[in-house]
Amino acid sequence: MTYLTIILTAIFLSVAINSVLKRIGIPTIIGYIATGVAISAIFGLHKANVGELNEIAEFGIVFLMFTIGLEFSFRQLVAMRREVLLFGSLQLLMSAALFTAAAYWYGMTTEGAIITGFALALSSTAIVLKTLNETGQIQAPFGRKSVGILIFQDLAVIPILLMITIFASNRSDIGEMLQIIAIDAVIVGAIIYLLGRYVFEWLLGWVIRADSSEIFLGTVLFLVIGSAELAHLFGFTYSLGAFLAGMMLAETHYKYQIEAELIPFRDLLLGLFFVTVGMQIDLGVVARNIGWIVVVAVGIMVVKFAIILVFLRFFTRLRVAIKTALALSQVGEFSLAVFALASANDLLEPEAVQILLGAVVLSMILSVFVLANLRRIADWFYPEPEAEPILHSTGFKDHIVVCGFGPLGRHVAEELKRQDVQYLVLEHDIHRMELGQKMGEPIFFANAANEEVLRNFDVDRASAVIVAVDNPRHLRLICEALNRVAPLANVVVKVQSESEAQMVEDLKIDHLVIQSEEMARRLVAEAMRCRLGF
């Protein structure tokens, strides 16, 4: 059986399964995991070496962490130090202590119990952040606390993997190893910080002047993967390097366009990641131990929920604590790597590893349904008295979005400024964007034809959107994106001629201004004024 046959089967199954599941309201993550289970059962891939596929799939989390880094600059991370350092350390240490004790009581060795305890304390970055991004709740109070704890967990993966190395090598110079890790962490952070501060923005600005979207995208991919590889060379996770690079690029003018360009890569690789999660499940072992797996999965989720709820209750409102605890109650994808490495070093029994893998995947599947019904479940514990505030990405509301900063766009901006109306400008031409910056305009380098860009700038909350671009094809793409993202938005579009107006007439634009007809009316009006002697 060739790899092409396996790939075609996987694509067919993922499309078929997800098409059915989406119609009944089940998230695509479940479909990808089911695809992985089916592929492994059909082709016996769980018995084969799929290390290369796992490494490629890990870049789904890399791109996810990069886009999260774009949402959280260094300044925001400093502002979130309580969520990251305090909440993250409390959650990890309290959960790990309880799970370690339970594993030791079950009969594991001391080393195996410690590794198992810390691995089960981790939550799923991929599932939680993907869901929060899709639902727009990443900036909600519980979303920020969840992200802060997940960031700390991602950092904690490094010492957890280090523990496996120490336990397996039986070395006594632990202090020296920790010192090396600390030095490496400082070096990696300093390199990415200096590159981000002095190189990244200059490089992207230089590339953009080539006026080629594929060169821009290639450069962004190089920066993401290069930062991930740099961190990996020093012994850290790929996703940590990508996260740091994202935070540095969040300080540049190209943040929104970068995020929009990378969304397809992120989602595709995340889908592949969840397929590989399903492929690690051995159905035979799962069938023999299904009772244990269910008990372990549910028990872990209940314990993690209780721990997070107990300590967060002292720092925030009860409902926020409940939603954060529910969101982080599952076990994460990094635990799969931890168990695999521990098993390879003979620190865990193969049967125990399969039970743990089954429990981890089951908890991930259950958490998808929990996250999809988070508000309803939270209402069972504590009914919501009022809508929880969400910090939106731009903070704009009842503003006007101007698409394009050509001659007409500049005049529109001048008139809006004269009337003291809140507005922002989206421009995809670097020279026009720089001109707008010099003029002091609230202008952003972004392609208004991209749906993610429109969502980032809250077009569904805008009082109006003015499309003032000259390229007919680009104008059509912008209008199509507006129809999908904000079908109720008040859209005003300028077109050059009647034939150009026909290109968008099927989109039911609210206000269509035909430049040639408007100019003809103005010219005739001026001519009549001259004729009458006014």
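## Cysteines, cores and a helix pair

Cys403 is buried, at a relative accessible area of 1% (buried is under 20%, exposed over 50%, partly exposed in between, with a 1.4 Å probe and protein chains only). This is a predicted model, in which local features need pLDDT of at least 70 and side-chain atom pairs pLDDT 80 or more, while totals for chains, interfaces and linings use all residues. Residues are numbered from 1 along each chain, and side-chain values use heavy atoms, leaving out hydrogens and water.

Let's look at the cysteines together:

| Cysteine | Relative accessible area | Closest cysteine sulfur |
|---|---|---|
| Cys403 | 1% | Cys479, 8.5 Å |
| Cys479 | 1% | Cys403, 8.5 Å |

Because 8.5 Å is too far for a bond, Cys403 is not joined to Cys479. The count is 0 disulfides, a disulfide being a pair of cysteine sulfur atoms within 2.5 Å.

Now to the interior. The largest nonpolar core (buried Ala, Val, Leu, Ile, Met, Phe, Trp, Tyr and Cys joined through side-chain atoms within 4.5 Å) has 138 residues, and Phe66, Phe216 and Phe274 are among those with the most contacts inside it. Helix 17 (residues 350-372) gives the most to this core, with 12 residues; helices are DSSP runs of H or I, at least four residues, numbered from the N terminus. Another core, of 33 residues, lies apart and includes Cys403 and Val491.

Finally, a helix pair. Helix 5 (residues 81-106) and helix 14 (residues 290-312) pack at about 145 degrees, with axes 10 Å apart (axes are lines fitted to C-alpha atoms over the stretch in contact, and angles run from 0 to 180 degrees between N-to-C directions).

Notes. Helix = DSSP H or I, 4+ residues; strand = E, 2+ residues; numbered from the N terminus.
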